[in-house]
Amino acid sequence: MTNHKLLEVKELKKYFQLEKGKILKAVDCISFDIYKGETFGLVGESGCGKSTTGRTIIGLYDSTDGEVLYEGKNVHTLSEKEKLSFYRSMQMIFQDPYASLNPRSTVREIIAEPMEAHNLYRDKKEQMERIYQLLEDVGLNRDHANRYPHEFSGGQRQRIGIARALALNPDFIIADEPISALDVSVQAQIVNLLKKLQKEKGLTYLFIAHDLSMVKHISNRIGVMYLGHMVELTESKELYKKPLHPYTQALLSAIPIPDPDVEDERERMIIQGEIPSPINPPSGCVFRTRCPVAMEACASLKPKWKEVEEQHFVACHLYDNEITKDHDEVAVTK
Ligand SMILES: Nc1ncnc2c1ncn2[C@@H]1O[C@H](COP(=O)(O)OP(=O)(O)OP(=O)(O)O)[C@@H](O)[C@H]1O
Ligand SMILES: [Mg+2]
């Protein structure tokens, strides 16, 4: 990880216009940076806006407000020429490799498609060599080139998806739950492959996941989202050691501990109730309706995004001295 900001997300909002004039606030004012060479983990429950964030960053969606800067340039206002190099530099890997790979194309065709769309190789032989090389890079081999996606296991299909994402030699990859559909044993293999490729090719990742268990093995820093908001952001180790937001604490306590004695004695923090609708989010802090330590102020005031310790950001009134000074129940349960 370097201190070069490859991506800057500034107060980004993405609202969807629904029928009858309703507005769904999928992403509601989030800010974070991703440094070159790092893996930034983005976690949160289903529907909290992770994929929408990824899709808005890569330009599949326009932003409702705020900015996404890639190498200092606003990705939503690129010229046609700038778009070409942007789409080479940023790629996406999806949760379900089967759905994202054309079942009627061979592996060779699947990997060749982006190369041909960008006129990368005039010489077919050179292109074929590059495809073979990519297959080897992702732990497959050249014999796989003429097969179809259905002939592969889930883990192998994800390897094909990764090879395709690498076809244009990108710098930045958004991996949207790339391991969620795989068996646990295969998950670790894919995570290790992504790590290896990162080292070899100097890649930067935005790694999206819905729980914290695998993310810690791959991420340098982690951002936690809840109902379209970023609630906490810090280095991975720090997040596990010292989670500040009650929602992060709950997510962490949901991860099983392999030792049954510890697991039996441990107090679980279970979040009560259903996740509210992003069409009609709670006033004040969006987490307050499920927060075990919510205070009066949480209903009326939106918590500010605040750097409470170096590189540790949180949006929670518990860490706002103005609010907690009149309140004696500030002890945070684990
Ligand atoms: N194209 C769309 N039109 C309308 N609403 C959408 C659209 N895409 C997403 N949403 C809504 O925006 C919210 C955020 O969805 P998103 O897919 O970003 O969540 P997510 O965190 O990726 O969830 P998951 O873990 O299930 O993938 C959800 O309420 C979803 O229903
Ligand atoms: Mg998603």
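Tutor: Two strands pair if DSSP finds at least two bridges between them, where strands are DSSP runs of E with at least two residues, numbered from the N terminus. This is a predicted model, in which local features need pLDDT of at least 70 and side-chain atom pairs count only at pLDDT 80 or more, while totals for chains, interfaces and linings use all residues. Residues are numbered from 1 along each chain as its sequence is written, chains are lettered from A and ligands numbered from 1 in the order written, and side-chain values use heavy atoms, leaving out hydrogens and water.

Student: What joins strand 4 to strand 5?

Tutor: Strand 4 (residues 65–70) and strand 5 run antiparallel and are joined by two bridges, so the requirement for pairing is met. Leu69 has Asn74, in strand 5, as its bridge partner.

Student: What makes strand 2 and strand 5 edge strands?

Tutor: They belong to an open sheet of four strands, in the order 2-1-4-5 with antiparallel pairing, and strand 2 (23–35) and strand 5 (73–74) each pair on one side only.

Student: How do you know that Cys316 is not bonded to Cys291?

Tutor: A disulfide needs two cysteine sulfur atoms within 2.5 Å, whereas the sulfur of Cys316 is 6.3 Å from that of Cys291, its closest cysteine sulfur, and therefore too far for a bond. The structure holds zero disulfides; Cys48 is in none, the nearest cysteine sulfur, that of Cys285, being 14 Å away.

Student: Why is Cys48 called buried?

Tutor: Buried means under 20% relative accessible area, exposed means over 50%, and partly exposed lies in between (1.4 Å probe, protein chains only). Cys48 counts as buried because its relative accessibility is 0%, and Cys316, at 13%, counts as buried too.
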